[in-house]
Amino acid sequence: MTKKDIFAKMTWNNFLSKQFQEQYFKDIVQFIKKERDNHKSIFPDNNNILNAFKLCNFSDIKVVILGQDPYYLPNQSNGLAFSVNMNIPIPKSLHNIYREIREDLNIETPMHGNLESWARQGVFLYNTCLTVESGKPNSHANIGWQEFTKNVLTKLSEDTEKSLVFLLWGKSAQNNQQYINARKHLILTATHPTPLSANKGFFGCKHFSKTNAFLMKNNIIPIEWGNI
């Protein structure tokens, strides 16, 4: 089997299995279980916490978009960064992402906010913290997800044959830049698309056209950002 064949057959399964056995991950699981047992609402539901891994095969990943933590209102979070369930109003940050795509690529704004089609094209929509308590943003920022994120990004950086594009919006995402090999991958940074900072560097960043230009330069099929 050639090196190329090995990379092509890589999945998340072995990586996740190893993480599940680590004490830090067992502590995360125990914490979430205890919170749910105490009748606290935790988002997303257990089936969707690792949704980004389910919908985007390791060997298919082309682009990594780092979010902060899941949406903290009921029925919003589906386990994909910046994405919401169907029939849910588009959040302001995602609305600003759509605005930048429209202005960058002249693509019509989608009518919903479910980004599963991006994931299936190879966009890994990953929140650096994978759970949150209802109504309390960043409430799970210190329960162990930092270790998991470090391991995820290190694997993406080191164990992929092709060069990836990492989109790091805001300080929370950019704090993880240390785990990415900048000599191998393209790292694009901007302010977070939230209305509080979108006008300070996110609007006009043209990350979507830059991403596709990089992919095509490396003979990788570009992302259809309007295919939602």
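These are my notes on the sheet, the aromatic rings and one proline in this structure.

**Entry 1, the model.** I am working from a predicted model, so I keep in mind that local features were taken only where pLDDT is at least 70.

**Entry 2, the sheet.** I started with the strands. Four of them make an open sheet, ordered 3-2-5-6, with parallel pairing. Which strands stand at the edges? They are strand 3 and strand 6 (186-190); each has a single partner strand, so one side of each has no neighbour in the sheet. I also looked up the twist: on average, neighbouring strands are turned by 20° against each other, direction ignored.

Next I went to strand 2 (residues 63-67) and strand 3. They run parallel and are joined by five bridges. In this pairing I found Gly 67 opposite Asn 127 of strand 3.

**Entry 3, a helix on the sheet.** What does helix 7 lie across? I traced residues 145-158 and found helix 7 across strand 2, strand 3 and strand 5 (165-169). Against strand 3, helix 7 runs at about 160°.

**Entry 4, aromatic rings.** I counted aromatic pairs and got 20. One of them is Phe 53 with Phe 124, at 5.2 Å centre to centre and 75° between the planes. That angle is over 60, so the pair goes down as edge-to-face. Phe 53 belongs to helix 4 (residues 51-55) and Phe 124 to strand 3 (residues 123-127), so I noted a link between distant parts of the chain, 71 residues apart. Are these two buried or exposed? Phe 53 and Phe 124 are both buried.

Both also turn up in one aromatic cluster, whose members include Trp 12, Phe 58, Tyr 126, Trp 145 and Phe 148.

**Entry 5, charges over rings.** I then checked for charges sitting on ring faces. Lys 155 lies over the face of Phe 58, 4.7 Å from the ring centre, and Phe 58 is one of the cluster rings I listed above. I also have Arg 99 over the face of Phe 203, at 3.8 Å from the ring centre.

**Entry 6, Pro 222.** Last, I looked at Pro 222, which sits in the segment after helix 9 (207-217). Why do I call Pro 222 partly exposed? Because its relative accessibility is 27%, and the partly exposed class runs between 20% and 50%.

Which residues does Pro 222 touch, neighbours within four places in sequence aside? I found contacts with Lys 62, Gln 121, Asn 212, Leu 215 and Met 216. I also took the C-alpha separation between Pro 222 and Ile 101: 14 Å, with their positions 121 residues apart along the chain.

Terms used:
Residues numbered from 1 in each chain as written. Predicted model: local features only at pLDDT ≥ 70, side-chain atom pairs only at ≥ 80, totals over all residues. Heavy atoms only, no water. Phe/Tyr/Trp six-rings, centres within 6.5 Å; stacked < 30°, edge-to-face > 60°. Helix = DSSP H or I, 4+ residues; strand = E, 2+ residues; numbered from the N terminus. Buried < 20%, exposed > 50% of the residue type's maximum accessible area, 1.4 Å probe, protein only. Lys NZ or Arg CZ within 6 Å of the ring centre and 35° of its normal. Contact = heavy atoms within 4.5 Å. Pairing = 2+ DSSP bridges. Axes fitted to C-alpha atoms, helices over the stretch in contact; angles between N-to-C directions.
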